Amino acid sequence: MDAGLSLCQLMEPDIMASPYRLYRELREADPVHWDLFLHAWVVTRYADIVTVLSRYSADRTLTPEKLEEMGLGAMNPIIQVMSRQMLFRDPPVHTRLRNLCAAAFTPARVAILRGHIQDIADSLIDRFIGKGRADIVAELAAPMPAIVTAELLGVPVSDHEKLKQWSIDFAEILGNFQHQPDRVSRVAASVRDMTEYFRAAIREQEVNPHEGLVNSLVNAEVDGVRLTEEEIIANSILTMIGGQETATNLIGSGLLTLLQHPEQLRMLQDDPSLIPLAVEELLRYESPIQHTARVAQEDFVLGGKQIRRGQSVLAVLAAGNRDPERFPNPDVLDLKRGDKGHLAFGWAAHFCFGAPLARMEGQIAFSTLLRRLKNLALASEDFVWRENLGLRGLSGLPVTFDVPAEELRASRLELVHE
Ligand code: HEM
């Protein structure tokens with residue numbers, strides 16, 4: 001066992017480009033590994049991750065006193081909001097928050113969004129299809145989930161760029177281990193702005209109620225219990241962020257993966273009914289959330305290692321998704337694999353709340369891209385992965401494609417008219 005193995009190596013550029021060799025090394029050498037640099041257990045086998053997500057505590061936000069003691073007092077406003085989000089709570093608080101949010105986020109609301117999502121995808125593609133080239137991240141994968149999220153929440157769609165920037169800021173805290181003071185002050189400012197924004201959105205509901213998740217959260221009631229205003233704000237922020245970086249990265253990394261596997265791409269183009277299976281396989285193969293954390297509530301033996309009460313455990317979902325004990329030939333992309341048991345949406349009580357919406361967004365994005373953009377190809381072999389160790393995604397994806405004949409005719413007509 002190599003005691004120097006650490007998830008911190010994700011910061012090295014070649015490992016950031018492809019972390020799967022590091023995950024395999026960890027899984028083979030020491031699947032429940034004490035990371036000397038992170039002071040946490042790193043768990044990389046599928047079965048062990050399922051145990052961690054089923055049995056360990058999600059309540060991992062530090063108290064204000066502890067933060068002060070560690071010299072991290074500046075993080076307090078951020079942690080305050082996180083501690084009211086369902087993702088960081090255990091039952092019974094988690095159950096109450098999740099039930100109330102579920103009452104607001106119904107399958108009917110997701111179904112209503114389907115037609116809108118198709119329109120959003122088409123209108124974003126309309127903007128660049130006549131150019132024959134595009135940055136798929138900047139021009140589709142980033143704005144599409146931001147617009148969908150604004151519609152879902154019932155806030156003005158014209159705010160989507162603001163929502164996207166907040167989401168990027170907050171994701172830096174969620175996805176990174178390294179402490180950077182300037183980053184903390186920027187995220188704290190974003191949290192302040194988001195809190196004010198959602199407080200104003202709640203006030204707006206009182207005078208001018210309209211459809212959307214914020215309205216539903218304000219009115220949600222289960223067995224006479226309602227959400228407090230601070231809980232509505234915190235969980236609106238969680239939904240806004242949960243729904244953006246992840247879906248952006250599913251579309252961006254997923255399209256890159258398809259373009260790097262031309263035979264699989266051709267198979268999908270020939271048979272678009274495979275799209276739902278393809279989305280599951282892309283989620284497994286390049287998981288948008290690479291790892292998540294839990295805390296041991298009691299002393300516990302896992303994989304032969306003694307984990308002590310209070311110790312942190314990092315469950316590397318993306319490593320579990322490449323575990324050969326669970327997925328045969330895990331490093332092979334097989335769009336027909338047909339296995340929904342991957343860990344990309346987590347497991348057990350905190351299983352992704354937005355999974356039906358995320359799946360729908362992914363399916364619509366890929367089917368529309370493949371239907372409308374012919375001869376899609378990578379415009380460059382150099383990819384820059386964002387410096388976010390937990391939320392894995394590209395900072396850009398330049399592609400080329402054929403300009404459809406009607407677009408060419410339209411642009412010639414424009415030239416004649418000029
Ligand atoms: C491809 C897209 C997505 C991926 C890969 C993803 C992944 C995940 C994962 C792994 C978790 C569990 C984290 C943990 O256990 O620590 C989670 C939870 C969550 N996700 Fe997603 N997510 C996606 C899209 C969405 C969308 C679209 C929404 C909202 C509209 C959303 C909202 C949430 C919320 C609220 C939770 C917390 C659930 C709880 O604590 O009970 N996610 N997601």
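Which residue in S9 stands opposite Asp-135? Keep that in mind; we'll get to the spot after a look at the whole chain. One thing before you start clicking: this is a predicted model.

**Stop 1: the whole chain**

Show the protein chain as a cartoon and you'll have 19 helices and nine strands in front of you. The radius of gyration is 22 Å, close to the 22 Å that the globule rule gives for 418 residues, so the chain is as compact as a globular protein of that length. Along the principal axes, the C-alpha atoms fill a box of roughly 75 × 60 × 40 Å. Colour by burial and 41% of the 418 residues come up as buried. If you draw the contacts with a separation of 6 or more, 72% of them are between residues 24 or more positions apart.

**Stop 2: the three-stranded sheet**

Now select S3, S9 and S8. They make an open sheet in the order S3-S9-S8, with antiparallel pairing. Strand S3 (133–135) and strand S8 (377–378) are at the edges with a single partner strand each, so one side of each has no neighbour in the sheet. Zoom in on S3 and strand S9 (residues 398–400), and you'll find three bridges joining this antiparallel pair. Here's the answer to the opening question: Pro-398 is the residue opposite Asp-135.

While you're here, pick Asn-375 in the loop between H18 and S8. Its phi is near 55°, a positive value in a residue other than glycine. Asn-375 counts as exposed because 8 other C-beta atoms lie within 10 Å.

**Stop 3: the hairpin and its parallel neighbour**

Next, select residues 32–35 and 40–43. These are strands S1 and S2, which run antiparallel and are joined by four bridges. Val-32 has Val-43 in S2 as its bridge partner. The two strands form a hairpin, with four residues between them.

In that turn, click on His-39, which sits in the loop between S1 and S2. Although His-39 is not a glycine, it has a positive phi of about 55°. Is His-39 buried or exposed? It is exposed, because it has 9 C-beta neighbours inside 10 Å.

Add strand S7 (residues 312–315) to the selection. S7 pairs with S2 over three bridges, this time in the parallel sense. Look for Val-42 here, with Leu-314 of S7 opposite.

**Stop 4: the nonpolar core**

Stay with Val-43 and show its surroundings. The largest nonpolar core has 109 residues, and Val-43 is one of those with the most contacts inside it, along with Met-144, Ile-237, Ala-315 and Val-316. Leaving aside neighbours within four places in sequence, Val-43 is in contact with residues including Pro-31, Val-32, Asp-48, Ile-49 and Val-52. Its contacts also include Val-313, Leu-314, Ala-315 and Val-316.

Met-144 takes you on to helix H9, as one of the buried residues of that helix. Select residues 143–153: how many of the eleven residues of H9 are buried? Eleven of eleven, so the helix is mostly covered. Among them are Ile-147, Val-148 and Glu-151. Step just past the end of H9 to Gly-154, where phi is positive at about 85°.

**Stop 5: around the ligand**

Select the ligand and bring up its shell. There are 25 residues around it, and the closest are Gly-242, Thr-246, Gly-346, Cys-352 and Gly-354. Helix H13 (229–242), helix H14 (245–259) and helix H18 (355–372) each supply at least two residues of that shell. By type, the shell has 16 nonpolar residues, eight polar and one charged.

Now click on Ala-355, which belongs to helix H18. Ala-355 counts as partly exposed because it has 15 C-beta neighbours inside 10 Å. Draw a distance from its C-alpha to that of Gly-243 and you'll get 9.2 Å, although the two are 112 residues apart along the chain.

**Stop 6: two loops to finish**

Go to Lys-340, in the loop between helix H17 (317–320) and H18. Lys-340 has 15 C-beta neighbours inside 10 Å, so it counts as partly exposed. Its C-alpha is 35 Å from that of Ser-190, with the two positions 150 residues apart in sequence terms.

Last pick: Pro-92, in the loop between helix H5 (76–82) and helix H6 (93–104). Show the backbone as sticks and check the peptide bond from Pro-91 to Pro-92: it is cis, with omega near 5°.

Terms used. Residues are numbered from 1 along each chain as its sequence is written. This is a predicted model: local features need pLDDT of at least 70, side-chain atom pairs count only at pLDDT 80 or more; totals for chains, interfaces and linings use all residues. A residue is near a molecule or strand if its C-beta atom, placed from the backbone, lies within 6 Å of it. Ala, Val, Leu, Ile, Met, Phe, Trp, Tyr, Cys and Pro count as nonpolar, Asp, Glu, Lys and Arg as charged, and the others, Gly among them, as polar. Two strands pair if DSSP finds at least two bridges between them. A residue is buried if 20 or more other C-beta atoms lie within 10 Å of its own, exposed if 12 or fewer, and partly exposed in between; C-beta atoms are placed from the backbone. The radius of gyration is taken over C-alpha atoms; the globule rule is 2.2 Å times the number of residues to the power 0.38. Two residues are in contact if their C-beta atoms, placed from the backbone, lie within 7 Å. A nonpolar core is a set of buried Ala, Val, Leu, Ile, Met, Phe, Trp, Tyr and Cys residues joined through C-beta atoms within 7 Å.
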